[in-house]
Amino acid sequence: MRESERQFTRLFESSPDAIFVEDLQGNVLDVNPAACRLHGVERQQLIGRNARDLVPPEKREEVAKQQTRLEETKKITLARKQELEQKGTALTEQVEQALS
């Protein structure tokens with residue numbers, strides 16, 4: 001078990017893709033270094049924020065609906081989501097939501 005945990009940690013930390021770990025309400029529990037680079041902020045500035053706060057205002061209702069659907073159905077969904085970089089530039093990324 002410890003070896004698989006170490007492998008997961010290495011993958012999480014070294015992935016070139018931004019990884020956000022969120023609870024069912026969309027609160028950010030953890031992020032990898034790529035997520036920090038995406039937003040141009042330190043890890044602690046992302047942890048505790050809600051995913052709705054990280055997307056452009058016009059996408060917040062859509063993200064809220066996705067979070068509600070995930071919470072209700074407990075199903076994996078695949079979606080496209082725009083993220084706001086710290087400087088306000090809109091970025092598009094692929095998002096996969098899954099319950100463990």
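Lys59 and Glu62 meet in a salt bridge, with their closest N and O atoms 3.7 Å apart. Both partners sit partway between cover and open surface: Lys59 has 28% relative accessibility and counts as partly exposed, and Glu62 counts as partly exposed at 36%. Elsewhere, salt bridges that share partners link Glu3, Arg6 and Arg10 into one network. Please keep in mind that this is a predicted model. The points below walk through the chain topic by topic.

**The chain as a whole**

- The chain contains four helices and four strands.
- Following the sequence from its start, you meet these elements in the pattern α-β-β-α-α-α-β-β.
- The chain has 100 residues, and 29% of them count as buried.
- Its accessible surface comes to about 6,800 Å², and carbon and sulfur atoms make up 50% of that area.
- Among contacts in the chain with a separation of 6 or more, 32% come from residues 24 or more positions apart.

**Salt bridges**

- How many salt bridges does the chain have? The count comes to five, and the bridge between Lys59 and Glu62 is one of them.
- As background, side chains of opposite charge can pair when their charged atoms come close.
- Arg6 pairs with Glu3, and the closest N and O atoms of this salt bridge are 3.2 Å apart.
- Where do Arg6 and Glu3 lie? Both belong to helix H1 (residues 2-14), where they are three residues apart, or about one turn of the helix.
- Arg6 counts as partly exposed because its relative accessibility is 44%, and Glu3 is also partly exposed, at 37%.
- Asp30 and Arg43 form another salt bridge through their side chains, with an N to O distance of 2.8 Å.
- Asp30 is in strand S2 (residues 28-31) and Arg43 is in helix H3 (residues 43-46), so this pair ties together parts that are 13 residues apart in sequence.
- Asp30 has 22% relative accessibility and is therefore partly exposed; Arg43 is partly exposed as well, at 37%.

**The S1–S2 hairpin**

- Strand S1 (residues 20-22) and strand S2 run antiparallel, joined by three bridges.
- One residue to look for here is Phe20, whose bridge partner in S2 is Val31.
- Together S1 and S2 make a hairpin with five residues between the two strands.
- The turn of this hairpin includes Gly26, which has a positive phi of about 90°.
- For general orientation, the side chains of a regular strand alternate between the two faces of the sheet.

**Gln67 and its surroundings**

- Gln67 is found in helix H4 (residues 60-73).
- Is Gln67 buried or exposed? Its relative accessible area is 5%, so Gln67 is buried.
- Which residues does Gln67 touch? Leaving out residues up to four places away in sequence, Gln67 touches Glu22, Leu24, Gln25, Gly26, Asn50, Ala51 and Arg52.
- These partners include Gly26, which is the residue with the positive phi in the turn of the S1–S2 hairpin.
- Leu24 is another of the residues that Gln67 touches; the C-alpha atoms of Gln67 and Leu24 are separated by 6.7 Å, although the two residues are 43 residues apart along the chain.

Key:
Residues are numbered from 1 along each chain as its sequence is written. This is a predicted model: local features need pLDDT of at least 70, side-chain atom pairs count only at pLDDT 80 or more; totals for chains, interfaces and linings use all residues. Side-chain values use heavy atoms; hydrogens and water are left out. Buried means under 20% relative accessible area, exposed over 50%, partly exposed in between (1.4 Å probe, protein chains only). Contact means heavy atoms within 4.5 Å. Accessible areas come from the Shrake-Rupley method with a 1.4 Å probe; for residues, only the protein chains shown count as cover. A salt bridge is a side-chain nitrogen of Lys or Arg within 4 Å of a carboxyl oxygen of Asp or Glu. Two strands pair if DSSP finds at least two bridges between them.
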